[in-house]
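Here are my notes for anyone opening this one for the first time. Have the viewer ready and follow the points in order.

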Amino acid sequence: VVFTLVAAGIGAIFRPRPTKTLAGHLKPYAEFSRRRLDDDAENAIQRRSLKQAIVASTERLLGNLHYWKVMEEAIDLSDLPLRPAELLYGQGGAAVLVVGIVLLSGLPPIVGLAGAALGFFLPFLVVRFKAKRRQRAFEDQLPDTLVAMAASLKAGHSWNQAMETIIREGTEPTSKEFGR
């Protein structure tokens, strides 16, 4: 309940102010289906703006914490399309969900507290697991990649051509990491 109230408060603070666009002025004169499409597009823009504002403000507020840097590194290594703030809100949501399930099942509140800790750290542990799995795959592919690069260089290709070959024809995650 507290998490929902805090999230609603943050949403109310960072809600973008609606601006009247040309589409908004012409909306009464457009046909019904066009009006519905415009409404859907404007709602999507407002939702995206709200999410971006919340994520940006969270990153400004917590960006210097050690845990934040650890999350950034784990997300980067796992190559997930997440930002640390999104992971943090996912952790909070998982904690609230686990607490809700524990309390609804009639277990003691101390179990709910332990469940909250488990629910909070579980998404991060999943990201760390994916990062380690991807890192292991990269390490397993590295010898073959280096042999292919050496063969390309022996064949008279330049360094850049050898790198491009690895990027184009290599397997994931080696090709993506060499591309970076």
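1. Start with phenylalanine 121, which is partly exposed at a relative accessible area of 40%. Keep in mind that this is a predicted model, so treat each value below as computed from that prediction. Just before it in the chain, phenylalanine 120 also counts as partly exposed, with 24% relative accessibility; buried would need a value under 20%.

2. How many aromatic pairs does the structure hold? The count is three, and two of them are worth a look here. When you describe such a pair, the things to quote are the distance of the centres and the angle of the planes.

3. Take tyrosine 67 and phenylalanine 124. Their ring centres are 5.5 Å apart and the planes sit at 55°, so this pair is tilted; edge-to-face would take an angle over 60 degrees. Tyrosine 67 belongs to helix 4 (residues 66-78) and phenylalanine 124 to helix 6 (residues 109-154), so the contact ties together parts that are 57 residues apart in sequence.

4. Are the two partners of that tilted pair buried or exposed? Phenylalanine 124 is buried, with a relative accessible area of 7%, whereas tyrosine 67 is partly exposed at 28%.

5. Now back to phenylalanine 120 and phenylalanine 121, because their rings make a pair too: the centres are 5.1 Å apart and the planes are at 90°, so it is edge-to-face.

6. Next, some charge. Which residues gather in a patch of positive charge on the surface? They are Arg128, Lys130, Lys132, Arg133 and Arg136. Of these, arginine 133 can be placed in helix 6, and its 45% relative accessibility makes it partly exposed.

7. Two backbone details deserve a click. One is the peptide bond between glutamate 172 and proline 173, which is cis, with omega at about 5°. Proline 173 sits in the loop that runs between helix 7 (159-169) and helix 8 (174-179).

8. The other is aspartate 79. What is the sign of its phi, positive or negative? Phi is positive, at about 60°, although the residue is not a glycine. You'll find aspartate 79 in the loop between helix 4 and helix 5 (84-104), and it is partly exposed, with a relative accessible area of 30%.

Technical notes. Residues are numbered from 1 along each chain as its sequence is written. This is a predicted model: local features need pLDDT of at least 70, side-chain atom pairs count only at pLDDT 80 or more; totals for chains, interfaces and linings use all residues. Side-chain values use heavy atoms; hydrogens and water are left out. Rings of Phe, Tyr and Trp (its six-membered ring) pair if their centres lie within 6.5 Å; planes under 30 degrees apart count as stacked, over 60 as edge-to-face and the rest as tilted. Helices (H or I, at least four residues) and strands (E, at least two) are DSSP runs, numbered from the N terminus. Buried means under 20% relative accessible area, exposed over 50%, partly exposed in between (1.4 Å probe, protein chains only). Patches are made of residues with over 30% relative accessible area and no salt bridge: like charges are joined within 9 Å, nonpolar side chains (Val, Leu, Ile, Met, Phe, Trp, Tyr) within 5 Å. Accessible areas come from the Shrake-Rupley method with a 1.4 Å probe; for residues, only the protein chains shown count as cover. A salt bridge is a side-chain nitrogen of Lys or Arg within 4 Å of a carboxyl oxygen of Asp or Glu. Lys and Arg count as positive and Asp and Glu as negative; His and the chain ends are not counted. The place of a charge is taken as NZ of Lys, CZ of Arg, CG of Asp or CD of Glu.
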